[in-house]
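Here are my notes on this one, as numbered points. Have a look at the model first, then read on.

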Amino acid sequence: MEFLVRAENRLPVDTPAEERDRLRKSERARAEELRADGVLKRLWRLPGRNAWVGLFECPDATELHDALASLPLFPWLDITVDALATHPQER
């Protein structure tokens with residue numbers, strides 16, 4: 001199944017710069033692993049916001065949740081998910 005995932009980063013602004021940098025680096029590394037595993041298909045940054053939109057492919061919502069929960073910034077992400085279905089014109 002494909003899922004459209006929207007996430008806004010709510011990491012507190014008073015997070016020390018060193019911790020913020022560490023989290024960003026580990027987040028990038030985990031995203032690369034998810035991409036290599038075929039789970040993360042596309043990722044877009046939303047200009048002017050600390051947010052992103054991604055296209056994920058997982059067998060089911062439970063595996064998507066597990067993938068998202070594996071992101072180092074997960075505790076601070078405000079996430080919304082839309083399950084996607086094939087449009088009749090795409091069949």
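1. A definition to start: a contact means heavy atoms within 4.5 Å. On that footing, residues 24 or more positions apart make up 65% of the contacts in the protein chain with a separation of 6 or more.

2. Some housekeeping. The model is predicted, so local features need pLDDT of at least 70 and side-chain atom pairs count only at pLDDT 80 or more, while totals for chains, interfaces and linings use all residues. Numbering runs from 1 along each chain as its sequence is written, and side-chain values use heavy atoms, leaving out hydrogens and water.

3. The overall layout: two helices and four strands, in the order β-α-β-β-α-β along the sequence. Helices (H or I, at least four residues) and strands (E, at least two) are DSSP runs, numbered from the N terminus. The C-alpha trace spans about 50 × 25 × 20 Å along its principal axes. Of the 91 residues, 31% count as buried, meaning under 20% relative accessible area, with exposed over 50% and partly exposed in between (1.4 Å probe, protein chains only).

4. Now α2 (61-69). Which residues of α2 are buried? They are L64, A67 and L68. Down the axis of α2 these buried residues fall within an arc of 95 degrees, so they line one face of the helix; the arc is that of the directions from the helix axis to the C-beta atoms. They pack against β1 (2-9), α1 (17-36), β3 (51-57) and β4.

5. The N-terminal end of α2 is capped by D60, with a side-chain oxygen 3.1 Å from the backbone nitrogen of T62. For polar contacts, the rule is a pair of N or O atoms within 3.5 Å; within protein, one must be able to donate a hydrogen and the other to accept it, and residues adjacent in sequence count only if both atoms are side-chain atoms.

6. After α2 comes S70, in the loop that leads to β4 (77-84). The side chain of S70 reaches back to the backbone oxygen of A67 at 2.6 Å. Setting aside residues up to four places away in sequence, S70 touches R30 and L34. The C-alpha atoms of S70 and A31 are 9.5 Å apart, with their positions 39 residues apart along the chain. Buried or exposed? S70 is partly exposed, at a relative accessible area of 29%.

7. Over in β1 sits R6, which counts as partly exposed at 37% relative accessibility. Beyond its neighbours within four places in sequence, R6 is in contact with W52, V53, D78, I79, T80 and D82. With D82 there is also a side-chain polar contact of 2.5 Å. R6 and R20, 14 residues apart in sequence, are 21 Å apart from C-alpha to C-alpha.

8. Last, the largest pocket, with about 530 Å³ of space. A pocket here is an open set of points on a 1 Å grid over the protein atoms alone, where a 1.4 Å probe fits, with protein on both sides within 12 Å along at least five of seven lines; lining residues have an atom within 4 Å of a point. Grid points are joined across faces, edges and corners, and the volume is the space filled by probe spheres set on them.

9. Of the 19 lining residues, E27, R28, L43, W52 and L73 lie nearest the centre of the largest pocket. Helix α1 gives the most, seven residues, and α1, β2 (40-45) and β3 each supply at least two.
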